[in-house]
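Dear colleague,

Please find the structure below, handed over for your use. My notes on its salt bridges follow directly after it.

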Amino acid sequence: MSELSERYLKVKDRVHEACKKAGRDEQSVKLVAVSKFHPIEAIIEVAELGQKEFGENYIQEALEKIAVRPDLKWHAIGPIQHKKTKDIIGKFSLIESLATDSFLHELEKRTQNANCTQDVLVQVNIGREEQKSGLLPEDLISFAQKVLAVPTLNLCGLMCLPPLDENPEHTRPYFIELRELKEKLEKELEITLPHLSMGMSADFPVAIEEGATIIRVGTDIFGSRHPH
Ligand SMILES: *Cc1c(COP(=O)(O)O)cnc(C)c1O
């Protein structure tokens, strides 16, 4: 078996173990294989082992891959240039990085023109980092209300990318905070949000313990990345 296949199966095992430890049904955690900078051949190999959902950060790269495998489910997980919005409609099962009014308006316009609906997550800048995109927690409720007011957008939950730390115990408080933000939003707006997208290679078992329903794992599956 190739190294890639071994790494993928090992991640699947770790997801299984983390669910067992947390007393959670494995079906409640969706593994998204983050394939940015990795070639389509690697994606196909992992898809052959049963993986169905992939995450990409860069739209041009994603669209080329989606054209080859439109049968797979694709998640947009990076910031999206507004002028690319028209190209992404109908291509992604979930856009995880909605975080600005201007992108929201662009998505509203494009989905209405195309007469389709789009599932989205709102990205939260949980560590309040200047260089990262995402809503600040205090701005979340009013932004969520604007998303809910758009009939062609389906708000499915929250996503975060906490400050990098090798020790997942340092990241745990951010996961707890995102979960609590989701609960607060559900209560105040009287809605249910099925998804919490949190946890990457360094910390996905902890994210599962804290309630993640989507984990986004790149390096532990595909190996290290070489940006081109
Ligand atoms: C690249 C990326 C990931 C995957 O990170 P790894 O540490 O390689 O698992 C997850 N989420 C987002 C938003 C990313 O940009």
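Glu17 is partly exposed, with a relative accessible area of 43%. In this predicted model, the side chain of Glu17 forms a salt bridge with that of Lys20, at 3.9 Å from N to O. Lys20 counts as exposed, its relative accessibility being 56%. Because Lys20 and Glu17 lie three residues apart in helix α1 (residues 3-22), about one helical turn separates them.

A pair in helix α5 (residues 101-114) is spaced in a comparable manner: Glu106 and Lys109 are three residues apart there, and therefore separated by about one helical turn. Their side chains meet in a salt bridge, with 3.9 Å from N to O. Glu106 has a relative accessible area of 16% and is buried, since the cut-off for that class is under 20%. Lys109, in contrast, is partly exposed at 42%.

Asp87 and Lys86 form a further salt bridge, in which the closest N and O atoms are 3.9 Å apart. Both residues are partly exposed: Asp87 has a relative accessible area of 29%, and Lys86 has a relative accessibility of 47%.

Beyond these pairs, a network of salt bridges links Lys21, Glu169, Arg172, Arg179, Glu183, Glu209 and Glu210. The search of the whole structure finds 20 salt bridges. As a general point, side chains of opposite charge can pair when their charged atoms come close.

Kind regards

Terms used:
Residues numbered from 1 in each chain as written. Predicted model: local features only at pLDDT ≥ 70, side-chain atom pairs only at ≥ 80, totals over all residues. Heavy atoms only, no water. Salt bridge = Lys/Arg side-chain N within 4 Å of Asp/Glu carboxyl O. Helix = DSSP H or I, 4+ residues; strand = E, 2+ residues; numbered from the N terminus. Buried < 20%, exposed > 50% of the residue type's maximum accessible area, 1.4 Å probe, protein only.
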